[in-house]
Amino acid sequence: MSLHRSLYASSYFLHPQLKTEEDYIPYPSVHEVLGRTGTLPLILLPQFGGYWIEGTNHDLGSSSTPEEPPPCPASQVKLETNSIANIYRKHFLGKEHFNYYSVDSALGHLVFSVKYDVIGDQEHLRLLLRSKFKTYHDVIPISCLTEFPNVVQMAKLVCEEVNVDRFYPVLYPKASRLIVTFDEHVINNNFKFGVIYQKFAQTSEEELFGNNEESPAFVEFLEFLGEKIELHDFKGFRGGLDVTHGQTGSESVYHNFHNKEIMFHVSTKLPYIEGDTQQLQRKRHVGNDIVAIVFQEENTPFVPDMIASNFLHAYIVVQVENACTDNVLYKVSVTARDDVPFFGPALPDPAVFKKSAEFHEFLLTKLINAEYSCYKAEKFAKLEERTRSALLETLYEELHLNSQSMIGLGGDDDKLENGGGGGGGFFESFKRVIRNRSQSMDAMGLSNKKPHTVSTSHSGSFTHNPSDTPKTPGTSLIIPGKSPTRKKSGPFSSRRSSAIGIENIQEVQERSPQRTSDGVHTTQDLRLDNSSSQSSPEMQITKIG
């Protein structure tokens with residue numbers, strides 16, 4: 001058995017119930033492994049686990065004419081999407097339907113949409129029920145029902161746990177605008193990923209962030225990833241980088257991938273500060289990403305706990321062979337924290353790719369799906385549940401008060417019509433929820449929160465002035481505190497501080513002639529897009545959804 005196979009043999013996935021260092025048999029340290037001969041793996045598990053690995057075989061054959069790596073099967077390269085987020089826009093908006101609201105002691109605030117549909121020649125009920133936990137959707141053939149149900153019975157058809165006496169009808173003419181905004185807040189079309197350059201024998205965070213030179217092989221890989229852009233006055237998604245004063249460097253790597261904008265935080269292109277061993281300027285950006293690529297030219301394993309970060313949950317490690325030739329090959333391994341579900345597309349066996357358009361598609365799809373999957377990790381999921389609950393309560397109150405005022409039961413002070421009263425309406429309330437969430441995260445320090453981007457796309461036509469469709473940010477949540485990884489036992493365990501929380505950045509991105517403006521307190525980008533955002537993957541969490 002080869003060295004790297006033996007290192008992986010007993011540690012492909014760690015048992016989820018093992019929670020303390022005493023429960024684990026320590027894995028070899030990276031320093032022990034570097035002292036051995038033979039081919040080394042791309043990734044080593046931390047000594048006390050906490051991560052899983054995909055892609056451990058990179059053997060193409062040892063003969064003088066090794067076999068070609070198999071091509072990436074295009075049919076298996078699929079972006080994850082949150083299909084439920086688009087159902088209201090696709091099947092309800094602009095068509096005859098009914099909306100209702102109620103409160104359930106267990107499920108919280110409920111907003112229910114009902115539509116009569118004829119599919120083929122058969123009558124159906126299309127039902128969409130929003131609770132604080134999730135959105136339920138079903139299409140029920142009326143022929144399967146013994147009698148036509150009332151609204152409470154309809155709700156039980158889609159979610160048996162519903163326990164309310166009645167639903168109240170929504171009587172507000174602008175209700176659909178508010179509902180579609182809530183449903184689509186989970187849609188994200190902007191992504192930022194770290195790119196870390198690991199040279200031979202580099203085993204610490206300080207060494208990784210201290211790299212300034214870009215080798216020809218690394219330059220070739222960056223050109224493969226995306227387009228090099230000048231940051232000054234850049235009009236696309238900037239991923240928290242400074243496009244006005246040059247404080248985050250002069251250039252970066254950017255790519256528009258199937259109408260999703262990706263900004264890469266390349267460690268070597270971020271500012272290098274002489275005398276700062278931790279290079280906090282670099283770590284502030286890369287350490288606040290959720291997924292990062294680690295590029296290797298030579299055989300030195302990457303250990304995921306080399307970098308102390310609250311946010312980084314997954315790494316895609318790429319090691320080059322035959323760089324800058326006509327036969328460039330990339331070996332790939334993936335690692336993520338234990339509570340991050342597996343994400344596709346699955347790596348082939350062996351996990352080796354030719355430099356090609358197919359591999360580019362595969363790699364970017366894997367990155368985006370990795371971020372969605374990370375949102376399901378415990379810390380992100382708890383944050384999303386709280387945010388979703390607060391947004392749904394805001395929607396409920398808006399629908400209730402405006403429905404009451406429509407039939408003359410509420411005073412003018414109770415109207416929350418968008419643009420109307422001092423509260424600024426639903427969209428202002430929506431932004432306040434996002435701000436309050438990030439402030440509560442700051443107050444709770446390292447406890448539960450993990451940043452993730454709550455960048456969202458909404459139909460801008462739902463703003464106060466229908467002709468004006470402002471786009472408001474997509475932001476990244478920045479949480480102060482130390483890395484949640486287990487206590488390290490290596491020689492560099494206590495020297496690093498997390499850059500998380502060094503600076504909270506709110507990125508307000510305008511897709512109109514206006515430009516991005518920066519603020520400093522919220523840690524989330526909320527975007528009210530005027531384009532009806534199509535299915536932007538968000539399986540997660542449905543990022544709040």
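Asn99 is found in strand S2, which spans residues 98-104. The model is a predicted one. In it, Asn99 is buried, with a relative accessible area of 9%. Two polar contacts involve its side chain. One joins Asn99 to the side chain of Ser113 at 2.7 Å. The other joins Asn99 to the side chain of His97 at 3.3 Å. Leaving aside neighbours within four places in sequence, Asn99 is in contact with Tyr88, Phe112, Ser113, Tyr168, Pro169, Val170, Ser176 and Ile179.

Two of these partners, Ser176 and Ile179, are among the buried residues of helix H5. Ala175, Leu178, Val180, Thr181, Phe182 and Asp183 of H5 are buried too. Eight of the nine residues of H5 are buried, so the helix is largely enclosed by the rest of the structure. Leu171 sits in the loop between strand S6 (168-169) and helix H5 (175-183). At 38% relative accessibility, Leu171 counts as partly exposed, since the buried class ends at 20% and the exposed class begins over 50%. Leu171 forms a nonpolar surface patch with Met406, Ile407 and Leu409. Together the four have about 390 Å² of accessible area.

The chain as a whole has eleven helices and 16 strands. Of its 545 residues, 57% are buried. Contacts between residues 24 or more positions apart account for 70% of those with a separation of 6 or more. The accessible surface comes to about 22400 Å², and carbon and sulfur atoms hold 50% of it.

In soluble globular proteins, nonpolar side chains tend to be buried together. Here the largest nonpolar core has 48 residues. Phe221, Leu225 and Phe264 have the most contacts inside this core. At least two core residues come from each of strands S7 (190-198), S9 (251-257), S10 (260-266), S11 (291-296), S12 (314-321) and S13 (329-337), and from each of helices H7 (216-225) and H9 (357-374). H9 supplies the largest share, nine residues. Beyond four places in sequence, Phe221 touches Ile293, Phe295, Val318, Tyr330 and Leu363. Apart from this core lies another, of 31 residues, including Leu208, Leu231, Met263 and Leu270.

Salt bridges number twelve. One is formed by Lys366 and Glu54, with the closest N and O atoms 2.8 Å apart. Lys366 lies in helix H9 and Glu54 in strand S1 (residues 51-54), so the pair ties together parts that are 312 residues apart in sequence. Both Lys366 and Glu54 are buried. Glu220 and Lys355 meet in another salt bridge, at 3.3 Å from N to O. This pair also links distant parts of the chain: Glu220 is in helix H7, and Lys355 is in the loop between strand S14 (352-354) and H9, 135 residues apart. Glu220 is buried at 10% relative accessibility, whereas Lys355 is partly exposed at 36%.

The side chains of Glu251 and Lys269 form a salt bridge of 2.8 Å, N to O. Glu251 lies in strand S9 and Lys269 in the loop between S10 and helix H8 (280-286), so the pair ties together parts that are 18 residues apart in sequence. Lys269 is buried, at 14% relative accessibility. Lys115, Asp117 and Arg126 are joined into one network by salt bridges that share partners.

Arg388 is found in helix H10 (residues 378-406). Arg388 is buried, with a relative accessible area of 3%. Its C-alpha atom is 8.6 Å from that of Lys134, a residue 254 positions away along the chain.

Definitions and conventions
Residues numbered from 1 in each chain as written. Predicted model: local features only at pLDDT ≥ 70, side-chain atom pairs only at ≥ 80, totals over all residues. Heavy atoms only, no water. Helix = DSSP H or I, 4+ residues; strand = E, 2+ residues; numbered from the N terminus. Buried < 20%, exposed > 50% of the residue type's maximum accessible area, 1.4 Å probe, protein only. Contact = heavy atoms within 4.5 Å. Areas by Shrake-Rupley, 256 points an atom, 1.4 Å probe, with all protein chains shown as cover. Core = buried A, V, L, I, M, F, W, Y, C linked by side-chain atoms within 4.5 Å. Polar contact = N/O pair within 3.5 Å; in protein donor to acceptor, adjacent residues only side chain to side chain. Patch = residues over 30% accessible without salt bridge, like charges linked within 9 Å, V, L, I, M, F, W, Y side chains within 5 Å.
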